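User: Hello! I am new to this structure and would like to get to know it step by step. Could you show it to me and then take my questions?

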Amino acid sequence: MFLRLAEQHRQFVQDLVMNLQAMAIVLENRGYLASCYTCGGQMNSASFMVSLGDNHLIRFLVSDYGITWTEMRDDRELMKLEGAEAISQLQELANLVKFHIEPSDYRPAVPAQSLH
């Protein structure tokens with residue numbers, strides 16, 4: 001059972017990394033500064049970053065060790081999420097592409113409990 005779960009987790013991380021790479025490309029094509037870096041060819045980790053303008057930055061890290069979403073403005077952390085909450089936050093970025101929102105028009109929804 002545990003070997004099967006470990007393999008499912010590896011496949012999940014690989015799928016997430018591939019989706020982050022695709023999202024970075026699409027966001028760049030829409031005018032955002034975005035990047036997605038991976039280590040090695042196994043696709044078992046990635047660092048995804050996108051600038052939303054006005055010193056507003058999103059960083060999403062994924063690896064076998066964990067998943068984190070960090071949102072910063074003016075070098076100050078606004079929100080940090082982990083696990084499923086971090087992955088769910090990617091939908092908001094996907095909506096930028098889906099609804100053709102320009103970088104200058106993007107206004108994130110920051111949960112009150114996430115403010116520091």
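User: Let's begin with T38. Is T38 buried, exposed or partly exposed?

Analyst: Happy to help, and please keep in mind that this is a predicted model. T38 belongs to strand 1. Its relative accessibility is 28%, and since buried means under 20% and exposed over 50%, T38 counts as partly exposed.

User: Which residues does T38 touch, apart from those up to four places away in sequence?

Analyst: One spatial relation helps to place T38: its C-alpha atom is separated by 8.8 Å from that of F48, 10 residues apart along the chain. Leaving out residues up to four places away in sequence, T38 touches V17, Q21, S45 and A46.

User: Now the overall layout, please. In what order do the elements run from the N terminus on?

Analyst: The chain has two helices and five strands. Buried residues account for 35% of its 116 residues. From the N terminus on, the order of the elements is α-β-β-β-β-β-α.

User: Which residues touch the most other members of the largest nonpolar core?

Analyst: This core has 27 residues. Elements giving two or more residues to this core include helix 1 (2-29), strand 2 (46-53) and helix 2 (83-98). Helix 1 gives the most, with seven residues. The members that touch the most others are F48, F60 and L93.

User: What is L93 in contact with, leaving aside its neighbours within four places in sequence?

Analyst: L93 is a good one to pick, as L93 is among the core members that touch the most others. With neighbours within four places in sequence set aside, the contacts of L93 are M23, L27, F48, V50, L52, I58 and W69.

User: Which side chains meet in a salt bridge?

Analyst: Side chains of opposite charge can pair when their charged atoms come close. A search of the whole structure turns up one salt bridge, with an N to O distance of 3.3 Å. The side chains that meet there are those of E7 and R10.

User: Why are E7 and R10 about one helical turn apart, and how accessible is each?

Analyst: Both residues sit in helix 1, and because they are three residues apart there, about one helical turn separates them. E7 has a relative accessible area of 34%, which makes E7 partly exposed. R10 is partly exposed as well, with a relative accessibility of 40%.

User: How many bridges join strand 4 to strand 5?

Analyst: These two strands run antiparallel. One bridge pair is R73 with R76, the latter in strand 5. The hairpin of strand 4 and strand 5 has two residues between the strands. The bridges joining strand 4 to strand 5 number six.

User: What phi does D74 take in that hairpin, positive or negative?

Analyst: Most residues other than glycine have a negative phi, and most peptide bonds are trans. D74 lies in the loop between strand 4 and strand 5 and is partly exposed at 47% relative accessibility. Although D74 is not a glycine, its phi is positive, at about 50 degrees.

User: And D75, what is its phi and how exposed is it?

Analyst: D75 is also found in the loop between strand 4 and strand 5. D75 is not a glycine, yet it has a positive phi of about 60 degrees. Its relative accessible area is 78%, and because exposed means over 50%, D75 is exposed.

User: How far apart in space are G66 and E82, C-alpha to C-alpha?

Analyst: G66 has its place in strand 4, and with a relative accessible area of 32% G66 is partly exposed. Along the sequence, 16 residues separate G66 and E82. In space, C-alpha to C-alpha, they are apart by 7.5 Å.

User: Which residues make the nonpolar surface patch of about 370 Å²?

Analyst: For the chain, the accessible surface comes to about 7,300 Å², with 54% of it belonging to carbon and sulfur atoms. One patch member, L5, lies in helix 1 and is partly exposed at 38% relative accessibility. The residues that make this patch are M1, F2 and L5.

User: Last one: what share of contacts between residues at least 6 apart in sequence joins residues at least 24 apart?

Analyst: This value describes contacts in the chain as a set, counting those between residues at least 6 apart in sequence. The share that joins residues at least 24 apart is 39%.

Methods
Residues numbered from 1 in each chain as written. Predicted model: local features only at pLDDT ≥ 70, side-chain atom pairs only at ≥ 80, totals over all residues. Heavy atoms only, no water. Core = buried A, V, L, I, M, F, W, Y, C linked by side-chain atoms within 4.5 Å. Buried < 20%, exposed > 50% of the residue type's maximum accessible area, 1.4 Å probe, protein only. Helix = DSSP H or I, 4+ residues; strand = E, 2+ residues; numbered from the N terminus. Contact = heavy atoms within 4.5 Å. Salt bridge = Lys/Arg side-chain N within 4 Å of Asp/Glu carboxyl O. Pairing = 2+ DSSP bridges. Patch = residues over 30% accessible without salt bridge, like charges linked within 9 Å, V, L, I, M, F, W, Y side chains within 5 Å. Areas by Shrake-Rupley, 256 points an atom, 1.4 Å probe, with all protein chains shown as cover.
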